[in-house]
Amino acid sequence: MISDVLPTGARGAESFGEQDEVALEALLPQESEAISHAGVRRRQEFAAVRHGARQALSALGLPPAALLPDQAGAPLWPDGVVGSMTHCTGYRASAVALRQDIASLGIDAEPNSPLPAGVGRLVLLPVEAERVRGLETAQPSVAWSRLFFCAKEAAYKAWYTLTGQPLDSADVEIVVNPEGTLAAAISLTPRGRAVPALRGRWSAQEGLLLVALAVPSPLSSEPQRHWDRP
């Protein structure tokens with residue numbers, strides 16, 4: 001499923017919980033040490049996405065590598081590689097690409113179910129809430145509020161990879177095409193640097209929502225401007 005939303009040049013791997021124990025045993029020593037303080041479920045998820053990431057790295061023709069978390073918990077990728085990881089109940093996925101092909105990549109997976117009561121008001125901009133209402137009327141089989149949240153999570157990961165800076169949900173405006181594409185406009189400008197828009201694809205399958213957003217590389221191939229409004 002993850003391959004359905006990834007951009008050209010990216011490789012992904014996914015599992016549905018069946019490989020958690022195998023992945024846990026396959027953790028590299030540095031990774032085991034980094035996650036030793038966590039509970040069993042957290043360690044399983046941590047291991048599963050790294051197991052998948054090494055499979056994706058192999059698909060790019062790259063050797064396995066220890067994928068340690070940085071101070072914010074984001075994975076540290078090998079030189080010349082960008083990537084992203086996600087997990088939710090019953091699903092784990094990882095995606096990687098060469099930096100020469102993709103400057104930044106963010107993926108996220110969420111259950112295809114509505115956000116808990118009140119959460120939508122916290123994470124959706126008023127214009128996004130209006131879009132959600134219209135989409136719910138046209139296509140009620142998709143939990144659109146959750147999809148917008150999923151897209152913001154993917155945007156955060158791609159932004160953090162590119163800038164190393166945090167991002168709030170209010171800083172991101174999502175526009176979704178019901179045919180399977182979407183875009184994220186970010187109101188921040190990192191250190192005065194112009195950055196292309198985040199664009200990508202989404203999918204609703206097997207009770208899950210999947211989103212992948214990317215920034216193309218090289219950045220200089222895009223007109224130098226602030227984040228595009230989709």
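Select strands β1 (11-15) and β3 (91-98) together with helix α3: each of these elements supplies at least two residues of the lining of the largest cavity. The model on screen is a predicted one. Helix α3 gives the most to this lining, with five residues.

To see the whole wall of the cavity, select A13, E14, S15, Q19, A48, V49, H51, G52, Q55, R92, A93 and S94. The space they enclose has a volume of about 40 Å³. A search of the whole structure finds one cavity of 30 Å³ or more. Colour the lining by class and it divides into four nonpolar, six polar and two charged residues.

Keep R92, one of the lining residues of the cavity, and add D20. The side chains of D20 and R92 are joined by a polar contact of 2.9 Å. D20 belongs to helix α1, which covers residues 20-25. Is D20 buried or exposed? Its relative accessibility is 6%, so D20 counts as buried; the cut-off for buried is under 20%.

Next, stay on helix α3, which spans residues 40-59, and select F46 and R50. R50 lies over the face of F46, at 3.6 Å from the ring centre.

Now turn to the largest pocket, which has a volume of about 610 Å³. It is lined by 27 residues, and the closest to its centre are G73, A74, P75, M85 and K157. Select these five to find the middle of the pocket. Then show α3, β2 (81-88) and α6, the elements that give two or more residues to the lining of the largest pocket. Which element gives the most to this lining? Strand β2 does, with seven residues. By class, the lining of the largest pocket has 13 nonpolar, seven polar and seven charged residues.

From the pocket, follow helix α6, which runs over residues 144-163, and select Y156 and Y160. The two tyrosines are four residues apart, about one turn of the helix. The count of aromatic pairs in the model comes to three. In the pair Y156 and Y160, the ring centres are 6.3 Å apart and the planes are at 5 degrees, so the pair is stacked. The cut-offs behind this are centres within 6.5 Å for a pair and planes under 30 degrees apart for stacking. Y156 has a relative accessibility of 30% and therefore counts as partly exposed.

Move to the loop between α3 and β2 and select P69. With a relative accessibility of 28%, P69 counts as partly exposed. Add E31 to the selection: P69 and E31 are 38 residues apart along the chain, and their C-alpha atoms are separated by 8.4 Å.

The last stop is E206, in the loop between β7 (198-205) and β8 (208-216). What is the value of phi at E206? Phi is near 50 degrees here, a positive value in a residue other than glycine. Show the surface around this loop as well: the relative accessibility of E206 is 71%, so E206 counts as exposed, the cut-off being over 50%.

Conventions. Residues numbered from 1 in each chain as written. Predicted model: local features only at pLDDT ≥ 70, side-chain atom pairs only at ≥ 80, totals over all residues. Heavy atoms only, no water. Phe/Tyr/Trp six-rings, centres within 6.5 Å; stacked < 30°, edge-to-face > 60°. Buried < 20%, exposed > 50% of the residue type's maximum accessible area, 1.4 Å probe, protein only. Lys NZ or Arg CZ within 6 Å of the ring centre and 35° of its normal. 1 Å grid on protein atoms, 1.4 Å probe; cavity = no way out; pocket = protein on both sides within 12 Å on 5 of 7 lines; lining within 4 Å. Points joined across faces, edges and corners; volume = space filled by probe spheres on them. Nonpolar A, V, L, I, M, F, W, Y, C, P; charged D, E, K, R; others polar. Polar contact = N/O pair within 3.5 Å; in protein donor to acceptor, adjacent residues only side chain to side chain.
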